[in-house]
Amino acid sequence: MDTICALATAPGGAIGIIRISGPKSLEILSHVFTKDLAKAQPNTIHYGHIISTILPHSREERLGMEAKDVVDEVLVSVFRAPHSYTGEDSAEISCHGSRYILNKVLALLIANGCRQAGPGEFTQRAYLNGKMDLSQAEAVADLIASTNKATHQIAMSQLKGHFSSKLGKLREQLLRLTSLLELELDFTDHEDLEFADRSQLLELTSSIDNHITRLAHSFQTGQALKRGIPVAIVGKTNVGKSTLLNRLLKDDRAIVSDVHGTTRDTIEDTIDIQGVTFRFIDTAGIRQTRDEVEQIGITRTYAAIQKARIVLWVIDTKPSDAELNDMQERCKGKSLIVILNKIDKSDEKQTAPFAPHILKISAKKSIGIDTLETAIYKAAGIPETADSDIIVTNARHYDALVRAHDSIQRVIDGLQMQFSGDLLSEDLRQALDTLAEITGGQITPNEVLGNIFKNFCVGK
């Protein structure tokens with residue numbers, strides 16, 4: 001029941017916003033604002049001044065306050081419960097962005113009865129007051145941290161409740177199965193009585209498990225989108241790998257030289273392609289060498305291939321069959337794009353095709369770079385993040401989905417082995433509880449809530 005306050009914007013800008021939420025929000029604010037907000041209408045904005053002394057009740061006396069008592073000229077936005085972000089009476093004070101002003105206003109609010117909000121406490125109150133479920137609350141943090149179009153769309157989709165809706169449908173199906181099985185347990189005297197057809201149960205349970213498995217598998221894509229999809233640029237020395245990296249980055253990030261073995265370590269940088277962040281890794285050229293330092297770089301090249309989701313293999317002449325087989329073997333399970341560079345030299349060897357799906361470019365002359373970027377985006381295998389698409393980005397959600405899958409898999413095994421309904425019902429109940437952890441549909445321990453909200457900024 002505390003009334004809390006916090007700075008909701010970074011200090012130092014032109015405008016700073018201070019949030020207040022709780023049952024005494026407007027009463028406390030009226031003590032330091034030149035207008036009495038006790039009867040203010042919801043969703044209204046009020047112009048006035050923050051005053052550094054306790055305000056008198058008379059309007060005339062308020063208007064007569066000396067200028068030395070004025071802290072700042074502000075706008076106050078008023079929100080009434082339950083139609084506010086937190087579901088409580090709340091307000092936002094728009095001040096000038098001076099650190100002194102913001103700290104002074106916060107100090108006045110605290111002196112008049114507010115408490116400094118903890119990390120994520122505004123959003124935690126929104127969850128506790130039923131304004132959003134737990135997965136939507138976590139989406140707020142993802143939305144703030146989004147760095148590109150893809151992560152923004154995923155966070156917005158989750159904030160709108162699409163993930164919650166999907167889980168809700170799965171839980172409804174599981175609950176119906178559990179109810180039928182538990183109903184049978186109430187009629188144990190009738191051993192031949194069966195409310196749930198086992199073959200239909202197996203079909204429905206398998207379908208639910210497929211949905212949960214797809215959601216869990218999307219976590220790898222979700223993590224790649226948040227961190228940047230790793231793309232390794234590999235090939236022999238002096239084939240134009242560093243030139244290609246510079247061309248993609250539109251910056252001279254890597255040293256370019258005709259001397260073989262110039263790049264001896266991995267060089268990383270990121271760019272956005274069609275709203276998705278890709279993390280490019282330029283690697284040491286692959287060749288036989290006695291140079292100990294260069295050999296370490298080549299070892300790191302092979303390590304970069306293992307970590308990458310996409311591998312750009314840059315060549316300037318037709319590789320041998322052994323080289324082709326070796327690269328294909330190293331890139332199993334990854335997207336391999338073969339790039340024939342230096343086509344501006346018009347050498348017949350450079351343009352002769354030796355395998356399908358080869359991209360021909362000139363990194364030096366910027367020929368074919370747009371086509372390459374499109375190929376990289378397609379190779380990432382990212383679904384269009386429309387409202388109907390759900391990509392899991394949260395490790396807590398992924399863990400719950402894996403545990404739910406394990407529980408449902410035990411149900412499937414039990415159905416196939418003709419287990420009794422009480423055993424099946426117990427595993428279904430575990431799956432229900434596990435899925436409920438994601439949205440907060442069951443009682444969640446305080447330490448779990450604290451762990452979720454501790455990484456939020458204080459003003460959220």
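## Exercises on a predicted model

Arg 125 and Glu 88 form a salt bridge, with their closest N and O atoms 3.1 Å apart. The model is predicted.

**Exercise 1.** Find where Arg 125 and Glu 88 sit in the chain. Then decide: are they buried or exposed?

*Solution.*
- Step 1. Arg 125 belongs to helix H4. Glu 88 is in the loop between E4 and E5.
- Step 2. The two residues are 37 residues apart, so their salt bridge links distant parts of the chain.
- Step 3. Both Arg 125 and Glu 88 are buried.
- Step 4. Look wider. A network of salt bridges links Asp 2, Glu 88, Arg 115, Glu 121 and Arg 125. The whole structure has 17 salt bridges.

**Exercise 2.** Work out the strand order of the open sheet of 6 strands. Which strands stand at the edges?

*Solution.*
- Step 1. Read the order across the sheet: E3-E4-E5-E2-E1-E6. The pairing is mixed.
- Step 2. Strands E3 (44-51) and E6 (115-116) stand at the edges. Each has a single partner strand, so one side of each lacks a neighbour in the sheet.
- Step 3. Now take one pair. E1 (residues 4-7) and E2 (residues 15-21) run antiparallel, joined by 4 bridges. Leu 7 has Ile 18 in E2 as its bridge partner.
- Step 4. Add a helix. H4 (residues 121-128) packs on the sheet and touches E1, E2 and E6. Its direction makes about 135° with that of E1.

**Exercise 3.** Place helix H1 against the strands. How many of its residues are buried?

*Solution.*
- Step 1. H1 (residues 25-32) lies across E2, E3, E4 and E5. It runs at about 30° to E5.
- Step 2. Count the covered residues: 6 of 8 are buried.
- Step 3. Name them: Ser 25, Leu 26, Ile 28, Leu 29, Ser 30 and Val 32.

**Exercise 4.** Find the salt bridges of Glu 437 and Asp 427. Which helices do they tie together?

*Solution.*
- Step 1. Glu 437 meets Arg 403 at 2.7 Å, N to O. Glu 437 is in helix H15 and Arg 403 in helix H14 (residues 395-416), so the pair ties together parts 34 residues apart in sequence.
- Step 2. Asp 427 pairs with Arg 410, and the closest N and O atoms are 3.1 Å apart. Arg 410 lies in H14 and Asp 427 in H15, 17 residues apart in sequence.
- Step 3. Check burial. Buried means under 20% relative accessible area. Asp 427, at 14%, is therefore buried. Arg 410, at 37%, is partly exposed.

Terms used: Residues numbered from 1 in each chain as written. Predicted model: local features only at pLDDT ≥ 70, side-chain atom pairs only at ≥ 80, totals over all residues. Heavy atoms only, no water. Pairing = 2+ DSSP bridges. Contact = heavy atoms within 4.5 Å. Axes fitted to C-alpha atoms, helices over the stretch in contact; angles between N-to-C directions. Buried < 20%, exposed > 50% of the residue type's maximum accessible area, 1.4 Å probe, protein only. Salt bridge = Lys/Arg side-chain N within 4 Å of Asp/Glu carboxyl O.
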